[in-house]
Amino acid sequence: MIEALWVNLDYAASVVLFLIGLYAVIAKDNLIKKFMGLNIMETAIFAFIVALGVVDGGDAPIMGEGARAPFTNPIPQALILTGIVVAVSTTALALSLIIRIYRQCGTIEADELREME
Amino acid sequence: MVSWPHWIIVAIIMPMAGAVLTPIVSRKNDKAAPVWALFIMSLTSLAALFLIVRVAQEGPFSYLVGGWARPYGIELHFDEFSASIGIICLIGWLALLFSYHYVAESIPKPRIPYYYTLVLLNLTGMIGFVMTGDLFNLYVFMEILSLSAYALVAVSGERVAEMAAFKYLVMGAVSSLIILFSIGLLYAVTGSLNMADISTRLAGIESRLPVMLALAGMAMALMVKAAIFPLHIWLPDAHAIAPSPVSAILSGLVVKTGVFGLLRVYQIFYGAGTYELAGLNTTLIWLGAISIIMGAFFAIFQEDIKMMLAYSTISNVGYIVMGLGLASQYGIIGATVHIFNHALIKATLFLGAGALMYKTGYRTLTDLRGVGKAMPLTSMAMSIGAISIVGIPPTAGFLCKWYIALGAFQAGQPAFGFALVFGALFIFIYYIRMVNSFYFQPPTHPEILEVGEAPVSMLFPVLLLAALCLVMGILGRIPLSFIEPAVTRMLGG
């Protein structure tokens, strides 16, 4: 069990990171902290998927002079590049929503907002 | 004309380019934005029409983006299920037409072009979502439609709109992440992102645990998007607070993308053939049945007409998910046709409610008493919608619910057929309340009798949709027999 964890340390780390983020999303009242939790979850998933493509001692898969196998799988990295773009847009949208909530209600604490509703 | 291979990519690029260009087109003249959006949507609908005719003639076909052979490139795959692009274009077009007057009053003028940008982007996301054959592409289109949907909920500027949008965003973003994680897992075990290719490769996979984890993650996250009962908490506020044409799109179409995603996941796993799906099926049946009852139960206590319609969406998605979970021929046919019919019905009801709110300024059933005499056409259309959603023949809602009930018997689970009928009774109660307050109660506000019908741009979509609710009840065989070969192929592996 411990050995399996040690071999897959990178996956285990992403799971821990994901749970930290999930905790923040659920337990924190401040909307910005909630959203930071979401960003941590995003990072965990991104790290997990990039780690999928890593090959021990792998080289960057660029063809030409001096290219030698084994190569790292570039597809997960390309996917996560797209994923990061999506995450940035989500963050921008969420922050602008938080600003408008603050302007209207004067607070960004979820418990106080619930009382106002 | 019909067999030109590039219509499928036109149907995605057209609304996407149109969305980005909207603020530029309407820079000088802010009246131009709605006209432009309608023009773009008309061209997209034309492409959609050609695609649907082609799939009816030839059966499923594929398009390789950029000419890269599958599984390396992105494949767009158009099968009978993708024909839901037709309902997306129809509801999208009518909602844009409806927005013309509605939005001019409820949104500050400088922001109006951006509203149309968001609606077009949302439709782009859905059109791409139903046509793609690539799992990661599916995620990207899902994010396009989700992000624009979060922004559209906040657009009305009502007091709690941003709060509702934020709640929707957090739930939606977490579920999107879980989908991305599941896609990563499937990629890790199969080494492919093409859905058909994954399906073939999954059959020979030795280690089942990561595959089952990916299946569970996808199913759960898509259930959040589809607002199945315990995961529905974001839906009522978001759908009730959004401007009415947006509510029609969100409730009629966006929620269905979750169900549609489940359908795609099922296609992958049925195709692989060697996976035990009984656990997931049972979960879906039970959650579907609970959603039907709980959605209807909450709806009974709603005073706000749009809140009531939003809860009604939860119970109707319950029907669809139950039909999918039954995994019998009739059940799945009923579920897929209910995706289509419920979009028609719910768009009728939400646009009708929008017209009532636009003219009277009230949104609770008590305040709206007597509106049936003031706005006879809109109220009639909404009554037709109400009858359809309960499932009284000969309206659109009847056939698909009948098929789902038949599916329950076919799958050997007759108890759920009765749950369905019981749910329909609940639904009947709260729609009767609506019809009752429109026609048979003395008005709370006497001045409500003075208001006339809404402008033609709002009345026409409502009436057309109501007419379609009736027509689809009478011509119900057409979608049923259209979807049948796809379902047979899916179940047959």
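Helices (H or I, at least four residues) and strands (E, at least two) are taken here as DSSP runs, numbered from the N terminus. This is a predicted model, in which local features need pLDDT of at least 70 and side-chain atom pairs count only at pLDDT 80 or more, while totals for chains, interfaces and linings use all residues. Residues are numbered from 1 along each chain as its sequence is written.

**Chain B overall**

Chain B contains 19 helices and 2 strands. Its radius of gyration is 22 Å, close to the 23 Å that the globule rule gives for 493 residues, so chain B is as compact as a globular protein of that length. The radius is taken over C-alpha atoms, and the globule rule is 2.2 Å times the number of residues to the power 0.38. The C-alpha trace of chain B spans about 70 × 60 × 40 Å along its principal axes.

Of the 493 residues in chain B, 64% are buried (buried means under 20% relative accessible area, exposed over 50%, partly exposed in between, with a 1.4 Å probe and protein chains only). Among contacts in chain B between residues at least 6 apart in sequence, 80% join residues at least 24 apart; contact means heavy atoms within 4.5 Å.

**Contact between the chains**

Chain B contributes 30 residues to the contact and chain A contributes 31 residues. Together the two chains bury about 2800 Å², with 80% of that area on carbon and sulfur atoms. Glu162(B), Phe166(B) and Leu177(B) supply 23% of the area that chain B buries against chain A, more than any other three residues. Buried area is the accessible area (1.4 Å probe) that two parts lose on being put together, summed over both.

**Three loop residues**

The table gives the loop and the relative accessible area of Asn8(A), Ala227(B) and Ala327(B).

| Residue | Loop between | Relative accessible area |
|---|---|---|
| Asn8(A) | helix 1 (2–7) and helix 2 (9–27) of chain A | 35%, partly exposed |
| Ala227(B) | helix 8 (208–226) and helix 9 (235–241) of chain B | 1%, buried |
| Ala327(B) | helix 12 (305–326) and helix 13 (329–360) of chain B | 23%, partly exposed |

Most residues other than glycine have a negative phi. Ala227(B), which is not a glycine, has a positive phi of about 60°. Ala327(B) also has a positive phi, near 55°. In chain A, the C-alpha atoms of Asn8(A) and Asn73(A) are separated by 18 Å, and the two residues are 65 residues apart along the chain.

Terms used:
Chains lettered and ligands numbered in written order. Heavy atoms only, no water.
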